[in-house]
Amino acid sequence: PTLTPTLLYLDDITVSFDGFRALNSLSLSIDEAEMRAIIGPNGAGKTTMMDVITGKTRPNQGTALFAGTHDLTALDEAAIAQLGIGRKFQTPTVFEMHSVEDNILLSLKADRKSFPTLFSRRTPLEKERIDALLERIRLKDHRKRKASELSHGQKQWLEIGMLLAQEPRVLLVDEPAAGMTDQETADTADLLREIAKTRSVIVVEHDMVFVKDLGVKVTCLHEGSVLAEGSLDQVSADERVIEVYLGR
Ligand code: ADP
């Protein structure tokens, strides 16, 4: 239990690669059940920030606290995932040869001690959770189809469903709408907004139309630190932000 609504607190985080600072005294905090969009030009440090949060990269300096108590800089990736930090990369990694619902079932069972298997019986609770997740990710009518038959957008949603099955407290997503049709993009924004009612979501995104559609607070990174923060309108009117985007 934490006294503040802050779920993720980064302070003065520096990551150096051979003396080059991919993150340079980065400070940022995300509240419980907040969705935040992270923007910034290529090389700004967005990926490195996600790597620090998930334990893939250890910072040279700084504080990274989760839920007020867990020091992320002292934990490995598996321990951090166990805390409830889920990450979705751009390319969906679903089990292509399994059905949509079996993909969800495998994720539900994956947090158990035993090796997950499709041959064990589904409990009524699992059935209920699968139904709710399929409804949420808009794949209820496709539950029996092989994942390989889904569209690119549907595969992205399936992977989000698989992550949600693990009940993360924060979901990190990298360009979730890349390669999607306009309709899928709009549906993805809706889906993320629904998720953010109960969990925190951090979205790294290049597509400003999509960021506008999300309608959330935006943080613009540049050269490894926060350049500007606020609504998309505020951030995109900021002269320093205009300069770093136009300067490329
Ligand atoms: P973004 O995701 O915003 O495009 P990154 O976090 O990928 O930015 O990269 C930030 C900077 O750090 C870039 O200049 C990149 O070249 C550098 N960088 C990232 N990872 C490494 C690494 N493993 N070794 C050396 N430099 C790296």
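How many helices and strands does the secondary structure of the chain contain? Select the whole chain and display it as a cartoon: the secondary structure comprises 9 helices and 10 strands, where helices (H or I, at least four residues) and strands (E, at least two) are DSSP runs numbered from the N terminus. The model is a predicted one, in which local features need pLDDT of at least 70, side-chain atom pairs count only at pLDDT 80 or more, and totals for chains, interfaces and linings use all residues. Residue numbers start from 1 along each chain as its sequence is written.

Next, reduce the view to the C-alpha trace, which spans about 55 × 40 × 35 Å along its principal axes. The radius of gyration is 19 Å, which agrees with the value near 18 Å for a compact globule of 248 residues; it is taken over C-alpha atoms, and the globule rule is 2.2 Å times the number of residues to the power 0.38.

Colour the chain by burial: 39% of the 248 residues count as buried, that is, with 20 or more other C-beta atoms, placed from the backbone, within 10 Å of their own.

Now select residues 1-84 + 169-248 as domain 1 and residues 96-167 as domain 2; these bounds come from an automatic or database domain assignment. The C-alpha centres of domain 1 and domain 2 lie 27 Å apart. The contact between them takes 11 residues from each domain, residues being in contact if their C-beta atoms, placed from the backbone, lie within 7 Å. Finally, select helix α6 (residues 182-195), which gives the most to the side of domain 1 that touches domain 2, with 5 residues.

Methods:
A residue is buried if 20 or more other C-beta atoms lie within 10 Å of its own, exposed if 12 or fewer, and partly exposed in between; C-beta atoms are placed from the backbone. Two residues are in contact if their C-beta atoms, placed from the backbone, lie within 7 Å.
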